[in-house]
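Thanks for coming, everyone. Let me put the chain up on the screen, and then we will walk through it.

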Amino acid sequence: MTTHFAKILRYWAAVPVILVAGCTMIPKYQPPPSNVSSSWPNVPGYSKVKTAPAPVPAAEIGWRDFFRDPKLQQVIALALTNNPSLRAAVENVAQTRALYHVQQAALVPTVSLNASGERQRIPNVYGGRGTNSNASPITFTEYQVNFGVASYEVDLFGQVRSLTRQALETYLATAEEQRAAHIALVAQVATAYLTEQEAAEQLAIARETLKSARQSFSLTQRSFQAGVVSQFDLNTASAQVASASASVATYAQQLAEASDNLSLLVGKPLPPELQPSPRLNLKLCISDIPAGLPSDLLEQRPDILQAEHQLKAANANIGAARAAFFPTITLTGSGGYASTTLQNLIAP
């Protein structure tokens, strides 16, 4: 009866430890209130435009559905593969994911297992003063196996789990940062592509203007030699040629800068077949954004989600800091087996 009662007491004594080990000191996360109004403003004389719901949610529209130009799609795909900044963001995500797995491994004990063996052959020599026996040599075989727990912290107050949660939220924040870099790169490449296309079209127009100005100057010069126009008209025509030449140089510089910027974003010079065409047609290049988008679409922005995960990581760090005020319990242990062959070494 006494033994049975002692077992019950031991079981009940383990209940508080299990309950404590199952909780953490992380404060309850409360998202900050949003300052965005949940309804349309009531403006006198303003009637709300009723729009039909979009067939595809705006958050699910891919960049290939928005940029319809096949050449621009190839340029963006090339940039997503070769851009060094985006590749660094991807590697940063892999690094934080590895750090999260390392921190997660602290929740389980680290077990080590070592095994060794040795085989030795020695002469059969016994007695004092080097007395030598004609017996055959003796062969000894020794082996040992060790098994143990290097160091395991019993997470009574949730410090290890709080740090694991912090590492998880940091990893998720880095993933959102990489997604934001992905979206920003797509927008930057499309802007640079259209800017180069615009500069090429402006340069073509400036060259046509210069050609017309030179023809006009040639006619004015012949008229001046015939005495039809004055020196002022000739100087005016010459100034127009100089102004058109300056415009051609300006747009040529802008085209070169736009081309270098696009090559920098892509990560390599563009092949000739992917160079922007000199004629810009936005209707064939960019699709229209559906009207009537909800305001809660802002909550799906990667930078906002990144800031929210960083806030959750800081919240988990508070739980780890609180648990650091309490004592920690670390368990270590080892065990093993070794052969008893060496015991017979000095048996005779």
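One term before anything else: pLDDT is the predictor's confidence in each residue, on a scale from 0 to 100. We need it because this is a predicted model: local features require pLDDT of at least 70, side-chain atom pairs count only at pLDDT 80 or more, and totals for chains, interfaces and linings use all residues. Numbering runs from 1 along each chain as its sequence is written, and side-chain values use heavy atoms, with hydrogens and water left out.

So where is the confidence low? Over residues 127–131, pLDDT stays under 50. The model has two contacts there beyond four places in sequence, where contact means heavy atoms within 4.5 Å. Residues 5–21 also stay under 50, with seven such contacts. Where pLDDT is low, the predicted coordinates should not be read in detail. For the chain, mean pLDDT is 78, and 75% of residues reach 70 or more.

Now the layout. The chain has eight helices and three strands. These are DSSP runs, numbered from the N terminus: H or I over at least four residues for helices, E over at least two for strands. In sequence order the pattern reads α-α-α-α-β-β-α-α-α-α-β. Take the contacts between residues at least 6 apart in sequence: 84% of them join residues at least 24 apart.

Next, burial. Buried means under 20% relative accessible area, exposed means over 50%, and partly exposed is in between, using a 1.4 Å probe and protein chains only. Of the 348 residues in the chain, 20% are buried.

That brings us to the cores. A nonpolar core is a set of buried Ala, Val, Leu, Ile, Met, Phe, Trp, Tyr and Cys residues joined through side-chain atoms within 4.5 Å. The largest one has 20 residues. Those with the most contacts inside it are Phe-67, Leu-72, Val-75, Ile-76, Val-189 and Leu-262. Which elements give two or more residues to this core? They are α3 (70–82), α5 (159–225) and α6 (231–266). The largest share, seven residues, comes from α5. Apart from this core lies another, of seven residues, including Leu-203, Ala-206, Ala-244 and Val-248.

Look at Leu-72 up close. Beyond its neighbours within four places in sequence, Leu-72 touches Phe-67, Ala-190, Tyr-193 and Cys-285.

On to α6. Its expected span is 1.5 Å times one less than its number of residues. For 36 residues that gives 52 Å, and the end C-alpha atoms are 53 Å apart, which agrees. Buried residues of α6 include Leu-234, Val-241, Ala-258 and Leu-265. Among the elements covering the buried residues of α6 are α3 and α5. Right after α6 comes Gly-267, with a positive phi near 95 degrees.

Now a charged side chain in α5: Glu-176. Is Glu-176 buried or exposed? Glu-176 is buried, at 14% relative accessible area. Its side chain makes a polar contact of 3.1 Å with that of Arg-179. A polar contact is a pair of N or O atoms within 3.5 Å; within protein, one must be able to donate a hydrogen and the other to accept it, and residues adjacent in sequence count only if both atoms are side-chain atoms. Beyond four places in sequence, Glu-176 is in contact with Pro-302, Leu-305, Gln-306 and His-309.

Asp-155 sits in the loop between β2 and α5. Asp-155 is buried, at 11% relative accessibility. Its side chain reaches the backbone nitrogen of Gln-159 at 2.8 Å. A polar atom of that side chain also lies 3.1 Å from the backbone nitrogen of Val-160.

Last, the aromatics. Rings of Phe, Tyr and Trp (its six-membered ring) pair if their centres lie within 6.5 Å; planes under 30 degrees apart are stacked, over 60 edge-to-face, and the rest tilted. The count is two pairs. Phe-66 and Phe-67 have centres 4.9 Å apart and planes at 80 degrees, so that pair is edge-to-face. Phe-67 is buried, at 9%, while Phe-66 is partly exposed, at 24%. Phe-157 and Phe-326 are stacked, 4.6 Å centre to centre with 20 degrees between planes. Phe-157 is in the loop between β2 (138–154) and α5, and Phe-326 in the loop between α8 (302–323) and β3 (329–338), so this pair ties together parts 169 residues apart in sequence.
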